[in-house]
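Colleague: I would like a close look at a single part of this protein, together with whatever surrounds that part. Could you take me through it in one connected account?

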Amino acid sequence: MLAVLSGCAGGAGRELELEERWRPLRSVVEVSDLQARHRYTTIGEHVYVRSLRDFDAHLPPGSVERDALLLHEQVHAKRQLAQGLPEWLSRYATDPAFAWREERLGWEAELRHLRAHGRKVALEAVVQALLRYRTVVTRLPLADETEIRTWAAVVLR
Ligand SMILES: [Zn+2]
């Protein structure tokens, strides 16, 4: 958490307001010097990205892909605010089992939305993406490959 927050201190810039349906999320904020371990970092009511231009290019407004990503981040935002932001962030940053559970919930919302709208999602891409995750402070993988693969196969079945 500290690494993420200190990364935000310098360069908070442009901001994209989100529609009501994304509450409690309120905006996507560009933070140019964000140490983006993950491309999207949600803290409370805001999703932080390194470049809003890239965000718009990769996830065009109104696209299934943008909605899927925002559903994922909305899961994080709701659970952060329900549990208490400092508590959630500190556990997420240090406890791989906690971070893995939270990511499963986010990814499940994202993947189900993509599949419900006819998008083909490659199991291997999901596995490889999740294998790259590390807890922010303790730098631990969230789960081993077998566990990630088994979970992803069930969601994508
Ligand atoms: Zn996530």
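Modeller: Before the part itself, a word on terms: an axis here is a line fitted to C-alpha atoms, for helices over the stretch in contact, and angles run from 0 to 180 degrees between N-to-C directions. The model is a predicted one, and the part I have chosen is helix 3, with its surroundings.

As a frame for the account, the protein holds seven helices and four strands, which follow one another along the sequence in the pattern α-β-β-β-β-α-α-α-α-α-α. Of the 157 residues in the protein, 27% are buried, and among contacts between residues at least 6 apart in sequence, 56% join residues at least 24 apart.

Helix 3 takes in residues 64-83; with its 20 residues it reaches 29 Å from its first C-alpha to its last, which is close to the 28 Å expected at 1.5 Å a residue. The buried residues in this helix are Ala68, Leu69, Leu70, His72, Glu73, Gln74, Val75, His76, Ala77 and Gln80, a list that includes Glu73 and two histidines, His72 and His76, beside residues such as Leu69 and Val75. The partners against which the buried residues of helix 3 pack are strand 3 (41-43), strand 4, helix 4 and helix 5 (96-116).

Of these partners, helix 4 can be described in detail. The axes of helix 3 and helix 4 (residues 85-94) come within 6 Å and cross at roughly 115°, and Gly84, just after helix 3, takes a positive phi of about 105°. On the side of helix 3 the contact is made by Arg79, Gln80, Leu81 and Gln83, which meet Leu85, Glu87 and Trp88 in helix 4; the residues of this contact divide into three nonpolar, two polar and two charged. Gln80 thus appears both among the buried residues of helix 3 and in the contact with helix 4.

Strand 4 (residues 46-49), another of the partners of helix 3, leads on to strand 2, with which strand 4 pairs in the parallel sense over four bridges. Within that pairing, Val28 stands opposite Val47 in strand 4. Strand 2 (residues 27-31) is largely enclosed by the rest of the structure, because four of its five residues are buried.

Helix 2 (residues 52-58) contains Phe55, which, leaving aside its neighbours within four places in sequence, is in contact with Val28 and Val49. Phe55 counts as buried because 20 other C-beta atoms lie within 10 Å, and its C-alpha is separated by 9.3 Å from that of Glu30, 25 residues away along the chain.

Technical notes
Residues are numbered from 1 along each chain as its sequence is written. This is a predicted model: local features need pLDDT of at least 70, side-chain atom pairs count only at pLDDT 80 or more; totals for chains, interfaces and linings use all residues. Two residues are in contact if their C-beta atoms, placed from the backbone, lie within 7 Å. Ala, Val, Leu, Ile, Met, Phe, Trp, Tyr, Cys and Pro count as nonpolar, Asp, Glu, Lys and Arg as charged, and the others, Gly among them, as polar. A residue is buried if 20 or more other C-beta atoms lie within 10 Å of its own, exposed if 12 or fewer, and partly exposed in between; C-beta atoms are placed from the backbone. Two strands pair if DSSP finds at least two bridges between them. The expected span of a helix is 1.5 Å times one less than its number of residues.
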